[in-house]
Amino acid sequence: MGATTGFARRIIEKYHLSPPIDIETLVANYAEVIYRAIPVSGVDGLSLHLKMPGKRPTVVINTTNPPRRKRFTLAHELGHILIPWHMGSFVDSLDLGEAGDSEDYWTFEKEANEFAAEVLMPEAWVANLVKCEANLAMCHKIIVQTCDVSPHAASIQLTKSLPSHIAYAVVRDSKVEHSGRTEGTRAASLLRSQPLPSEPFSYARQYFVEHLEHQSLHWWVLPDRVSLNSSDSRQWREILNGIVEDIGVPEEKRNHFKSSVNGVIAAANGSIRNQPGYSIDMVAAACLHRLYNREQYEAFVQHQDFETFIAKKASSFVHGDA
Ligand SMILES: [Zn+2]
């Protein structure tokens, strides 16, 4: 938890707030709020006269943006007002990468966003929700609807209350609009703007989906151990050679492909070798996390011998004969 979320928490406590937060009234306690159509594309809002003696801060909100975006902008501007080291004026164009020319500017923006997320979706409230509702897609939907925030903002806040090995995607018109994963998750995030694959994490322990008016929310809980069938008399090298041939890797590229696979697997093993309970099943899970949903290994993971290869390879690491 950063210092900025602490400022948000104090406000929540001071006014005894819980979602849905009446952010318009809350901001009006601290600033003159002006609602106006700002014809400059991408501008969400402004904060003026911050920490100026004898001057009340002014917040301008661009009314051309959708309601949930305006709510988040209001909370963001409140962050600029209440975070003591944010001084002067801020023009917020949340989408524009080129806005602002100093590193400080981006630190301030990040801080104001963290503040906004905490005010609208208090972490304690989210953590309590997660305790009561095991369906993560349902948790996500409840946060969107109760806190009146975008699925994107809700997903980021929800991941803070969840353990590692979890991935999610927000899908609109069968394409991934936003995707992510919890801290410590090594599985690849699904590619944005691409169609949602039919079963992106076929080895997931749990899969949840819920629907909103325009989007669907998908969550996968991935295992940290998988038990793969290794009953095959061949050595891993022989299996690997067979797969590489079958999936049509050109002869001159086979050695490169194989060393890239072996490199990924060695890194997977290295990442967990010192963890308690180190086992074949843990190495196997770590390998799946790193190989699924990576374009270059798509055909590789779909091959019928893929799991056998991983089982053999994991065993060779754990038994020290790699
Ligand atoms: Zn800002």
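Student: How many aromatic pairs does the count come to?
Tutor: This is a predicted model, in which local features need pLDDT of at least 70 and side-chain atom pairs count only at pLDDT 80 or more, while totals for chains, interfaces and linings use all residues. Residues are numbered from 1 along each chain as its sequence is written, and side-chain values use heavy atoms, with hydrogens and water left out. Rings of Phe, Tyr and Trp (its six-membered ring) pair if their centres lie within 6.5 Å; planes under 30 degrees apart are stacked, over 60 edge-to-face, and the rest tilted. By this rule the number of aromatic pairs is 14.

Student: What is the angle between the planes of Phe 300 and Phe 306?
Tutor: Phe 300 and Phe 306 are both buried, meaning under 20% relative accessible area with a 1.4 Å probe on protein chains only (exposed is over 50%, partly exposed in between). Their rings pair edge-to-face at 5.5 Å centre to centre, and the angle is 75 degrees.

Student: Which residue lies over the face of Trp 236?
Tutor: Ring pairs join Trp 236 into a cluster that includes Tyr 292 and Phe 300. A charge sits over a ring if NZ of Lys or CZ of Arg is within 6 Å of the ring centre and within 35 degrees of the ring normal. At 3.4 Å from the ring centre of Trp 236 lies Lys 313.

Student: Why does the largest nonpolar core lie between two domains, and which are they?
Tutor: A nonpolar core is a set of buried Ala, Val, Leu, Ile, Met, Phe, Trp, Tyr and Cys residues joined through side-chain atoms within 4.5 Å. The largest has 49 residues, and among those touching the most other members are Ile 23, Leu 158 and Trp 219. The core lies between two domains because both give residues to it: domain 1 (3-120) and domain 2 (136-221), with bounds from an automatic or database domain assignment.

Student: What is the arrangement of the donor atoms around the zinc ion?
Tutor: Donors are N, O and S atoms within 2.8 Å of the metal (3.2 Å for Na, K and Ca); water is not among the atoms, so sites may look incomplete. The protein donors come from His 76, His 80, Asp 92 and Glu 109, at 2.0 to 2.7 Å from the zinc ion. Six donors count as octahedral if opposite donors are over 155 degrees apart and all others between 65 and 115. The 6 donor atoms here subtend angles of 53 to 141 degrees, so the arrangement is irregular.

Note on methods:
Four donors count as tetrahedral if all angles lie between 85 and 135 degrees; four count as square planar and six as octahedral if opposite donors are over 155 degrees apart and all others between 65 and 115; anything else is irregular.
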